[in-house]
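Please look over the structure below. The notes that follow take up its strands, salt bridges and nonpolar cores.

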Amino acid sequence: MAIASASADQTAYASNEGDGTVTPIDVTTGTVGTAFDVGSSPSAIAVTPDGTTILVANSTANTVTPVTISSGSAGSIYTAGTPIAAGSGPDAIAVTTDGTTAYATDDGSDTVTPITLDGINVPDDPLTVAAGPDAIALTPNGELAYVTSDSGWVTPIVTSTNGISTTPPAIRVGANPDAIAIAPNGQTGYVTDSTSGSLTQFAIPSDKVGAQINVGATPNAIAITPSGSTAWIADNIGSISAPQYALTPISLPSGNAGASIVLPAQPSAITLSADGTSAYVTEYASDEVVPVDLTTGIAGAAITVGSEPSAIALAPLSSGTGTGTGTGTSDGSGSPTPYTFAVTGQQSGTVGNQTLTLSVSGTTTSPTAVCLRATGLLSSRLTAKSIKHGKTLKFVSAKVSLGKTTKRVKRLPWTVKLSLKGLKTGTHTVLASVIYREPTHGGSFRQVTKTLRTNFKIC
């Protein structure tokens with residue numbers, strides 16, 4: 001399918017996990033073009049260095065969709081090509097600097113799938129990495145790709161051979177590494193850890209691990225300025241029970257934190273402009289992208305995109321691609337009054353050293369109602385609070401379900417939106433299934449599963 005839109009100076013592309021689309025954004029004017037379909041649950045996105053192709057990892061379809069960008073009389077045209085087979089649950093993607101190869105991390109199969117590009121779009125043999133690969137970054141010279149895994153490792157891949165590197169070897173970092181970035185000089189890598197609230201640095205190519213830098217409660221995204229002087233961390237600088245989302249600058253290599261820039265909602269991904277003066281942050285639960293002026297420390301007006309934007313990428317300045325203006329719609333009824341309605345059933349539970357809480361909320365036009373109409377979305381939030389007793393457990397994954405709809409939870413805390421469409425009158429249950437690993441004797445692990453249920457009513 002081809003979609004046309006008017007040209008602009010530069011375009012950001014937000015992948016919308018909830019509705020299977022990508023939204024182009026003119027970053028000069030803040031307007032959006034027409035979203036285009038790419039696949040089921042697009043959780044990661046990258047643009048080739050020449051700006052001619054978008055690559056989108058579809059986590060539930062187990063594919064990567066290539067989208068060709070071309071010019072038309074009305075502006076850029078986006079044409080989705082044949083999906084490329086990946087491993088199970090691809091949720092991160094990166095492209096080599098020469099644009100010849102893409103690497104998709106496969107969270108469900110513990111592999112990385114190399115994909116030969118140049119119009120061929122052929123997946124190569126998958127590479128086995130540490131359990132739970134979640135993020136990937138390439139060195140500027142394109143020689144190494146570093147893959148973070150939920151099991152606490154960073155695995156280097158030699159791109160010239162598409163093989164796992166033994167020199168340098170795999171790197172042991174924090175308990176739950178989430179995001180990774182490589183400094184522009186290619187000499188240092190930085191990994192965020194949402195369990196310890198830290199940033200771990202390691203030297204390249206020796207892979208020697210340096211000191212951890214405390215950055216906040218749950219850092220889950222990172223971008224480094226082109227000068228290499230600052231790492232911007234998307235984080236919760238409050239607490240699990242009282243979150244305060246922000247972008248925090250970390251001076252490199254000293255690790256000193258600067259003044260945080262408050263964000264309106266939970267960030268899921270971040271990308272920086274080519275000059276390092278602007279950031280664009282996806283906010284998964286609010287269906288928005290927030291532009292941030294890094295020189296003044298001011299977050300701009302949020303830009304509404306598709307459902308559950310989980311990743312964002314900027315086209316290179318030289319690509320000449322862009323979007324046209326878009327218009328919003330309204331049903332004329334006015335905005336509903338937010339209201340957190342009463343819930344019944346199990347909401348919290350203790351497992352090992354964690355207290356889990358599952359909460360749901362919605363909107364209604366009546367401040368006294370305790371039920372919802374079968375329209376719109378239900379917001380479901382899963383959080384965890386550390387406690388001093390119980391066995392130490394490591395979060396692996398979670399799913400939140402309502403009826404036949406199931407959404408993946410990538411980390412805690414996490415908010416998902418569940419559609420109410422088609423639900424019958426009466427009580428319904430939101431179900432959360434959380435998987436942990438518990439260390440046992442001999443260095444092995446056993447799986448521990450905790451289930452929470454929270455009820456609400458449809459009227």
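## A pair of hairpins

This is a predicted model. Strands E13 and E14 form a hairpin, with five residues between them. Asp118 sits in that turn and has a positive phi of about 55°. The two strands run antiparallel and are joined by two bridges. One pairing sets Ile115 against Pro123 in E14.

E13 also forms a hairpin with E12, this time with four residues in between. Asp110 lies in the turn, and its phi is positive too, at about 55°. Six bridges join E12 (residues 101-106) to E13, again antiparallel. Asp106 faces Thr111 of E13.

## E13 and its third partner

Strand E15 (residues 127-128) pairs with E13 as well. Two bridges hold this antiparallel pairing. Thr111 stands opposite Thr128 in E15. Thr111 therefore has a partner named on each of two strands: Asp106 and Thr128.

How many of the six residues of E13 are buried? Five are, so the strand (residues 111-116) is mostly covered.

## Salt bridges across the sequence

Seven salt bridges turn up in the whole structure. One joins the side chains of Lys410 and Glu17, at 3.8 Å from N to O. Lys410 is in the loop between strands E40 (405-409) and E41 (414-419), while Glu17 is in the loop between E2 (11-16) and E3 (21-26), so this contact ties together parts 393 residues apart in sequence. Both Lys410 and Glu17 are buried.

Glu308 and Lys407 make another salt bridge, at 2.8 Å from N to O. Glu308 belongs to the loop between E33 (303-304) and E34 (309-314), and Lys407 to E40, so parts 99 residues apart in sequence are tied together. Glu308 and Lys407 are both buried.

## Further charged contacts

Arg446 and Glu438 form a salt bridge, with their closest N and O atoms 2.7 Å apart. Are these two residues buried or partly exposed? Arg446 has a relative accessible area of 44%, so it is partly exposed. Glu438 has 5% relative accessibility, so it counts as buried.

Salt bridges also link Asp134, Asp178 and Arg411 in a network.

## Ser15 in strand E2

Ser15 is part of strand E2. Its relative accessible area is 0%, so Ser15 is buried. Beyond its sequence neighbours up to four places away, Ser15 touches residues including Thr21, Val22, Pro42, Ser43, Ala44 and Ile45. Glu308 is also among the residues that Ser15 touches. That Glu308 is the salt-bridge partner of Lys407.

## Nonpolar cores

The largest nonpolar core has 28 residues. Leu356, Leu378, Leu382, Val409, Leu412, Val430 and Tyr436 touch the most other members. Strands E37 (354-363), E38 (377-386), E39 (394-402), E41, E42 (426-439) and E43 (445-458) each supply at least two residues of this core. In soluble globular proteins, nonpolar side chains tend to be buried together.

Which residues does Tyr436 touch, leaving out those up to four places away in sequence? Among them are Leu356, Ala384, Leu393, Phe395, Val396, Leu412 and Val448. Arg446 is another contact of Tyr436, and Arg446 is the residue that forms a salt bridge with Glu438. A second, separate core holds 15 residues, including Trp232, Tyr245, Leu247 and Ile270.

How values were computed: Residues are numbered from 1 along each chain as its sequence is written. This is a predicted model: local features need pLDDT of at least 70, side-chain atom pairs count only at pLDDT 80 or more; totals for chains, interfaces and linings use all residues. Side-chain values use heavy atoms; hydrogens and water are left out. A salt bridge is a side-chain nitrogen of Lys or Arg within 4 Å of a carboxyl oxygen of Asp or Glu. Buried means under 20% relative accessible area, exposed over 50%, partly exposed in between (1.4 Å probe, protein chains only). Contact means heavy atoms within 4.5 Å. A nonpolar core is a set of buried Ala, Val, Leu, Ile, Met, Phe, Trp, Tyr and Cys residues joined through side-chain atoms within 4.5 Å. Two strands pair if DSSP finds at least two bridges between them.
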